[in-house]
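Hi,

Here is the structure I promised to pass on. Have a look at it first, and then read on for what turned up.

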Amino acid sequence: MSDTDGRAEGRRGFADLLLDLRVQAGLSQEELADRAGLSVRSIREIEAGRVARPRKDSVRLLGEALGLHDGDAERFLAAAGHRTVRPVISVAAPAPTGLRWRGTRPIPDGLVGREQELHELEGLLRQNRLVTLVGPGGVGKTELALAAADRFSGVDTTVVVVDLTTVQRDAAVSTAILDAFGTAPGTSDLDDVLSGREPGDLVIVEDNAEHVLDGVAAVANRMVRSFPGVGVLVTSRIPLGLPDEVVRRVAVLGLPANDKDFDEIAASPAVEMFCRRVARVRPDFHLTEENAATVARLCRRLDGLPLALELAAARAGSLSVETILAALDDRFRLLSGPRRFGAPHQRTLADTIAWSVDALSDAARQLLYRASVLGSPFTLDAVAGVCTGDPIDQADVPMLLAELVEKSLLQPVNEFEQLYGARYKLLETIREHAYAGLSSQGDDLTEFRDRAVAWCSTYVSGLEGAWSSPDRDRRYRAAHANSALFEVALERAAELGQWEVAARIVLGFRIAWQYQASVAESGIRWATVCAENVPDKEVSGRLLAIAGRLSSLTGDVHGARRYYEEARQLIPGETEMGLVARGGWVSSGSHLLDIQSLAEIPGLVNDARKHGDVQRSATVQATCGLALLRWGRLPEAKELLLAWEAALVNPGVYPDEIAYMALSRVDLELGNLSEARRWAALARDSQASDDPERTKVAGCQAMVEYHDGRYDEARALLDEADADIRGHRGYFDYLVMLYRSRLAREGGDAEQAQVCIRDAVNRLLLEGRVVYLLEVLPEAVAVLHALGKSAEADVLCGQLMAWQESMDPPMLPTAWAVLQQSCATASVASGWPEPDPAAAVQRLANDVLTALS
């Protein structure tokens, strides 16, 4: 390495330097990661220039793995923004220059998934005199604080780590700090060691402060007010409550959203930490396609809590990961050791939780115990409705919840707060501890589970008529915020055999389940279980109609069709729920290319108009209009959708973005671009501004912009929609992929277009929504041509031309236009029409996947 290399500045300079040195050493990223004991992900992030300042210990390990010594190693550190570490010396001696550290050092490469927090903490320490890291026991506050102090420290910085675990009295905090300084005999005042410091010269880390909070607060307040050269970093389960204090809550490690996507599982910080710790006791252990789902489930069961992950990993020396996961029902026994370092109250998981719970007031402790029956997350209203009674007064609930949050035993749920209001959750580990505490108190557990059933039964009766009320979204979202509690109530009602009560709860709660597809599966399960057990056949049919609606939301079109079919046999067709069942049957049938669905539409629309409920009539007409759009019957679809729009002047009928999107799509296909744009704008206006499911409207607007030749605007809207797709699966994801493919292909990026169109085909096949394949397959032909696979493209093109001539429904005009551009050398295939339209389309889709692979 030259001196010039050593003076490289900025993240890109170090990224290029690391890449050059790795290539010169003939190492892959995987090989360098193995030598350095780091993750491949860490090296990938550094080389990509996405790490503002790589951690000092990580840089040292990289330098050693690359064979750098002496001056080269020092210049390598300097290139990353660090100076060489000097030996630890006593600060009681005259102060020489060079980095000094007293107390516990950070574990080399001990942090996983904390790069953002480290970067933020470094900035906070430069701008603030007092920073407190707050979080539940075992979340990794200590290691994060030590790493932040290490990253912050400069060549003339002294870092003093004060372990307060064994300090028993507030008055002894000053003495503990002096002891940590290694002060000379006779030194009895902090002033002697704090005076004369320049800013950035001294950082004091006060670790595990919650049990001597008053003493720590008093000393910290004096230090930051009287000694401008001193910075203080505190770790505690409770904030100090000082005016100069900056509080940052330390969250658990990120978890994979599912146990199916290997790349997502491997990228999860919780999974990465668990695998690293397991490798310490089982060097042969690696995350694989075979064990990834088990590891993901285990990490989720442990909440991504670093201490729990560490203790579980320690068991992997003698138990398989599958066995560890199965044993988590008794996690406190399983995770009882063998940790022999750290604070005494953090050597077992049970001790870690008990340390915080024992410090609560009696009322707060009882509230924590009782809240363990609510599921997670839950709202203040649910706590007040279920958990009050001696020693908890309903008026004190907000104050007690604040105490639990302040002491890191309860976590506020900030996601979608504007949608669902204030919510709280218990980490599963804390919930199990609290549940055991409630179970030990005689009949309390039974009492509060029964209270949950009673509260939910009363709550759903208050939702009657909500669908036609002006504030229906607010009321249903408020109900949805307690969906976990409704699960608890249904479990208890089923356990007692109270099926009529359970059915009443499901029927009342049905709309709330629709607000988030991720919890809709719970609604399907309860609707079907109750339908099997209630004696009233009409009630059973209404429950099955709910199962059909929720199945549609989760992408299970075949399941929706089956449930709707059963429901329409049990409910009189002219009733409200009968109309719902018939409308759902038509809608699901249009997805599956079932011609019988079309035959149902005239009678269904006529019955809906005679029903007398304008809102229900409008909804049925919109549903049928959307089905006709899928079937290519554009004028008929528009007539019904405009009838829905005309009904909006009536009380109880409200705008719906799906119907507006359907109108936009109809006019787009008919060539009415300005009208399509107007409907798309109304769709966006009618959607809640903070609705988490943005895919549908953003994708709709992107289509309008694309067909208007405004490609940059279309691309920006697709980016917005694509970010949403990563969080959930929705009806209109395939359109995002379709138009991404069109933009990529027209921009000359055939490989990206291939990825997008293959993703769209796979999604539609998986979910059974075969009608939309007729929109996607013409684009697949164009992509095959762009990839140079003209023979395969012409075969598929000939099949689709034959479809257009002989099958129903026809391709929509925009899809047909794309196909015609690609069919100059293709001939219409023979053998058409085919008897089973759905099977024919699925066969063509599978041929496309083969050709694109």
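A good place to start is strand β2. Its side chains alternate: Leu130, Thr132 and Val134 point one way, Val131 and Leu133 point the other way, and all of them are buried. Keep in mind that this is a predicted model. With 5 of the 5 residues of β2 (residues 130-134) buried, the strand is largely enclosed by the rest of the structure.

What sits beside it? On one hand there is β5 (residues 230-236), which pairs with β2 in the parallel sense over 5 bridges. If you want a spot to zoom in on, leucine 133 stands opposite threonine 235 of β5. Then there is β6 (residues 245-249), also joined to β2 by 5 bridges and running parallel to it. There, leucine 130 has glutamate 245 of β6 as its bridge partner.

Zooming out, these strands belong to an open sheet of 6 strands with parallel pairing, in the order β1-β3-β4-β5-β2-β6. β1 (100-102) and β6 are the edge strands, each pairing on one side only. On average, neighbouring strands in this sheet are turned by 15 degrees against each other, ignoring direction. Helix α7 (residues 115-127) packs on the sheet and touches β2, β5 and β6, and its direction makes about 150 degrees with that of β2. Helix α8 (residues 141-152) lies across β1, β2, β3 (158-163), β4 (202-207) and β5, and runs at about 160 degrees to β5.

Next, a helix pair. Helix α13 (residues 269-281) packs with helix α15 (residues 306-314) at an angle of about 30 degrees, and their axes are 8 Å apart. The crossing is right-handed. From α13, the contact uses Ala270, Met273, Phe274, Arg277, Val278 and Val281, while α15 brings Pro306, Leu309, Glu310, Ala312 and Ala313. By type, the residues of that contact are 9 nonpolar, no polar and 2 charged.

Now for the charged pairs: the count comes to 46 salt bridges. Three of them are worth a click.

- Arginine 276 and glutamate 272 form a salt bridge, with their closest N and O atoms 2.8 Å apart. Both lie in helix α13, 4 residues apart, which is about one turn of the helix. Both are buried.
- Arginine 582 forms a salt bridge with aspartate 607, where the closest N and O atoms are 2.9 Å apart. Arginine 582 is in helix α31 (residues 576-591) and aspartate 607 in helix α32 (residues 596-611), so the pair ties together parts that are 25 residues apart in sequence. Arginine 582 is buried, at 10% relative accessible area, and aspartate 607 counts as buried at 16% relative accessibility.
- Aspartate 667 and lysine 638 meet through their side chains in a salt bridge of 2.7 Å, N to O. This pair links distant parts of the chain, 29 residues apart: aspartate 667 is in helix α35 (residues 657-669) and lysine 638 in helix α34 (residues 634-646). Both of these residues are buried.

There is also a network to trace: Glu565, Arg568, Arg582, Glu600, Asp607 and Lys610 are joined into one by salt bridges that share partners.

Happy browsing!

Conventions. Residues numbered from 1 in each chain as written. Predicted model: local features only at pLDDT ≥ 70, side-chain atom pairs only at ≥ 80, totals over all residues. Heavy atoms only, no water. Buried < 20%, exposed > 50% of the residue type's maximum accessible area, 1.4 Å probe, protein only. Helix = DSSP H or I, 4+ residues; strand = E, 2+ residues; numbered from the N terminus. Pairing = 2+ DSSP bridges. Axes fitted to C-alpha atoms, helices over the stretch in contact; angles between N-to-C directions. Left-handed = near helix turned anticlockwise from the far one by under 90°. Contact = heavy atoms within 4.5 Å. Nonpolar A, V, L, I, M, F, W, Y, C, P; charged D, E, K, R; others polar. Salt bridge = Lys/Arg side-chain N within 4 Å of Asp/Glu carboxyl O.
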